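Me: Please take a close look at a single part of this structure, namely the place where its two chains meet. I would like one connected account.

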Amino acid sequence: MKKIAKSQLNEFIARLMKSYAVYGPVEEEGIVSFRRLTAPEEIRLDYQNSKKPPKEAFFPQTETMFRYEMGKGRISLESTEEVEEERVLFGARPCDVRALELLDLVFDAPDYKDLYYINKREKTTIVALGCNSPLSTCFCTSFEGGPFTKEGADLFLTDIGDWYLAEALTPKGERLLDEELFQEATKADVRAAAKVEKEALAKMAPPLELDGLKEKLDTMIDSPFWDRLHEKCLGCGVCTFLCPTCHCFDIVDEALNSKGERVRNWDSCMFPIYTLEASGHNPRPSGRERWRQRLMHKFDYFVANYGRFLCVGCGRCVINCPVNLDIRKVIADVMAF
Amino acid sequence: MNTTENIYSLYKCRVLRVYDLIEDVKLLLFRFENPDIAESWTCKPGQFVQLSMPALGEVPISICSSPMRRGFFELCIKKTGRVTDKIHELKPGDFVGVRGPYGNGFPVDEFEGSDLLLIAAGIGMAPLRSVFMYAVDNRWKFGNITVINSAKFGNTLLFRKELEAMRDVAEAENIRIIQTVTRDPDWPGRVGRAQEHIKHANTDPEKTYVCVCGPPQVYEDVFNTLIKNNYDPRKIYVTLERRMKCGVGKCGHCIAGTSTFLKYICIDGPVFGYYDIISTPGLI
């Protein structure tokens with residue numbers, strides 16, 4: 001176990017930036033999201049839950065899939081899935097790191113491999129940061145997570161006052177531990193970390209009751225439960241856009257004159273046009289079907305396909321919903337229905 | 001570093017012919033430019049490709065031709081939007097991008113030794129033509145064959161002329177072709193909806209596989225009539241339409257779920273069995 005003084009953090013990041021492209025939480029116009037750092041000072045690690053999840057470091061909101069240029073009778077293509085630089089994702093919260101493991105199941109599936117995602121994933125070392133003060137909307141402990149879960153991290157930092165305790169979990173993480181900046185942690189430091197962790201856990205609400213949720217949903221495809229649930233929903237899609245586990249995307253071409261790009265953008269199953277077919281037929285014509293789809297995908301289908309819930313309890317959909325539709329309450333209502 | 005192929009990359013294809021079929025629907029013949037791809041590319045009846053128009057985007061289109069002809073394929077495309085409008089402007093010699101084939105296709109190996117009943121409504125003949133052409137190309141593998149092609153008007157019957165021109169072959173090969181319209185007073189041939197002609201098929205309900213394609217509204221009546229006429233529900237297959245983007249089970253658009261499983265129409269479909277359809281609300 002190592003530690004680094006907080007006063008040395010900027011120096012640490014500056015050194016990382018020499019050999020890595022470093023992505024970290026940056027505040028722009030009041031919104032914290034993960035951006036490529038241009039200077040160490042830009043990073044702010046006192047955020048509680050970034051507005052946008054760090055999934056965008058691997059699966060950007062907008063991503064060019066290839067560029068093309070059309071000439072007379074010919075077309076030249078330039079594919080953009082290659083990732084040259086080694087990357088570090090710095091300061092991601094444990095829930096968001098665990099979400100990446102769920103995205104891996106989709107994008108790194110055995111049959112079809114999505115190189116745009118996989119290449120970034122393979123080139124990235126993840127430095128996770130424990131949550132000393134979870135929010136009231138956090139419910140990661142419901143999904144086998146916790147404010148200090150280390151699953152998926154290469155290096156794990158715990159804020160213990162003037163220091164960060166640093167635990168390397170993989171050789172990739174080990175490589176970051178600069179000898180000049182890190183020193184051995186003392187027993188007192190480890191004890192302090194345990195105390196911080198205990199206090200954080202004490203702030204968490206009790207986990208949701210999820211035993212039998214999938215089996216319950218199995219019986220609810222035609223249930224009247226869905227009839228009224230969506231009435232309050234505006235269909236804005238923020239719950240799915242800001243979800244660290246949602247991975248739906250749209251593919252569009254953007255071109256001007258002879259040059260263009262094929263681009264993929266985040267999409268949301270909460271939009272009516274999402275399933276609208278060219279003929280005008282829409283298999284999910286109302287909020288009823290769309291809400292059912294969102295719930296079923298996360299807590300039923302994904303479990304059936306991969307054995308895990310498609311949720312890490314980050315609480316973004318709870319915080320950002322303009323009409324206070326709280327997925328925790330919806331789950332409880334399903335269980336009680 | 002990348003040893004795996006990019007699943008979104010395109011094959012370059014050349015347009016060879018463009019036929020006008022009915023109003024707003026064209027049939028296009030394509031050839032792969034790369035000889036290795038042309039040699040190795042195979043598909044099954046009922047699969048689809050993603051067709052790219054540079055600067056406009058991609059559309060998922062069912063393969064309309066027999067998979068027996070190497071290096072070539074046909075797509076039947078109705079003009080319905082931005083991309084398909086431009087596809088209709090394609091001329092022989094133009095290039096497009098294609099990726100695929102995707103989807104499960106019809107289980108034609110399972111069909112072998114049985115009779116075949118193909119029921120198309122509206123532009124449903126487009127994907128079913130691949131099954132029909134495959135069956136004609138492999139005539140000895142199948143029993144009796146009936147095609148029921150239906151539309152509102154005589155001049156909106158898809159592949160009407162082609163099917164008419166096959167009359168002699170059909171007679172020689174024990175294939176019955178029934179073309180019927182529902183709203184055309186000037187039409188000299190058969191009238192009525194597709195299901196009303198199931199009784200005229202030359203297929204033995206006990207040993208027939210049925211493939212159906214049409215607008216969502218037709219399925220219930222067709223299913224009911226088939227079952228009333230003793231066709232085996234386990235042998236009824238349908239090919240579905242969906243808004244699709246990736247075609248490879250990532251983008252989420254085509255997901256449909258039942259109580260017990262999730263289906264990506266692009267991977268698990270677009271061909272589904274009768275029991276899948278009736279047990280999956282929202283699949284059609």
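Reply: The account below takes up the boundary between the chains and then turns to chain B itself.

The model is a predicted one. In it, 53 residues of chain A are in contact with 44 residues of chain B. Putting the two chains together buries about 3,900 Å², and carbon and sulfur atoms account for 55% of that area. On the chain A side, the residues that lose the most area to chain B are A:Tyr112, A:Arg262 and A:Tyr301, which together make up 14% of what that side buries.

Polar and charged interactions also cross this boundary. Three salt bridges are found between chain A and chain B. In a salt bridge between the chains, the side chain of B:Arg242 meets that of A:Glu277, with an N to O distance of 3.7 Å. The count of residue pairs in polar contact between chain A and chain B is 21.

Several elements of chain A give two or more residues to the side that touches chain B; among them are strand S4 (62-71), strand S5 (74-79), helix H2 (94-107), strand S12 (259-266) and helix H9 (287-306). H9(A) gives the most, with seven residues. By class, the side of chain A that touches chain B holds 24 nonpolar, ten polar and 19 charged residues.

Turning to chain B, the domain assignment divides the chain into domain 1 (11-102), domain 2 (108-238) and domain 3 (240-284). B:Arg242, the partner of A:Glu277 in the salt bridge, falls within the bounds of domain 3.

Domain 3 of chain B also adjoins domain 1 of chain B: nine residues of domain 3 are in contact with seven residues of domain 1. The area buried between these two domains is about 570 Å², with 56% from carbon and sulfur atoms. In domain 1, B:Phe48, B:Pro60 and B:Tyr102 lose the most area to domain 3, together 57% of what that side buries. Zero salt bridges are found across this interface of domain 1 and domain 3, while three residue pairs are in polar contact. Strands S3 (48-53), S4 (57-62) and S6 (95-102) of chain B are the elements that give two or more residues to the domain 1 side.

Chain B also contains an open sheet of seven strands with mixed pairing, in the order S10-S9-S8-S7-S11-S12-S15. Strand S10 (190-191) and strand S15 (271-273) of chain B each have a single partner strand, so one side of each is left without a neighbour in the sheet. Within the sheet, S7 (115-121) and S8 (145-151) of chain B pair in the parallel sense over six bridges, and B:Leu118 stands opposite B:Val147 in S8(B).

Definitions and conventions:
Residues are numbered from 1 along each chain as its sequence is written. Chains are lettered from A and ligands numbered from 1 in the order in which they are written. This is a predicted model: local features need pLDDT of at least 70, side-chain atom pairs count only at pLDDT 80 or more; totals for chains, interfaces and linings use all residues. Side-chain values use heavy atoms; hydrogens and water are left out. Domain bounds come from an automatic or database domain assignment. Contact means heavy atoms within 4.5 Å. Buried area is the accessible area (1.4 Å probe) that two parts lose on being put together, summed over both. A salt bridge is a side-chain nitrogen of Lys or Arg within 4 Å of a carboxyl oxygen of Asp or Glu. A polar contact is a pair of N or O atoms within 3.5 Å; within protein, one must be able to donate a hydrogen and the other to accept it, and residues adjacent in sequence count only if both atoms are side-chain atoms. Helices (H or I, at least four residues) and strands (E, at least two) are DSSP runs, numbered from the N terminus. Two strands pair if DSSP finds at least two bridges between them. Ala, Val, Leu, Ile, Met, Phe, Trp, Tyr, Cys and Pro count as nonpolar, Asp, Glu, Lys and Arg as charged, and the others, Gly among them, as polar.
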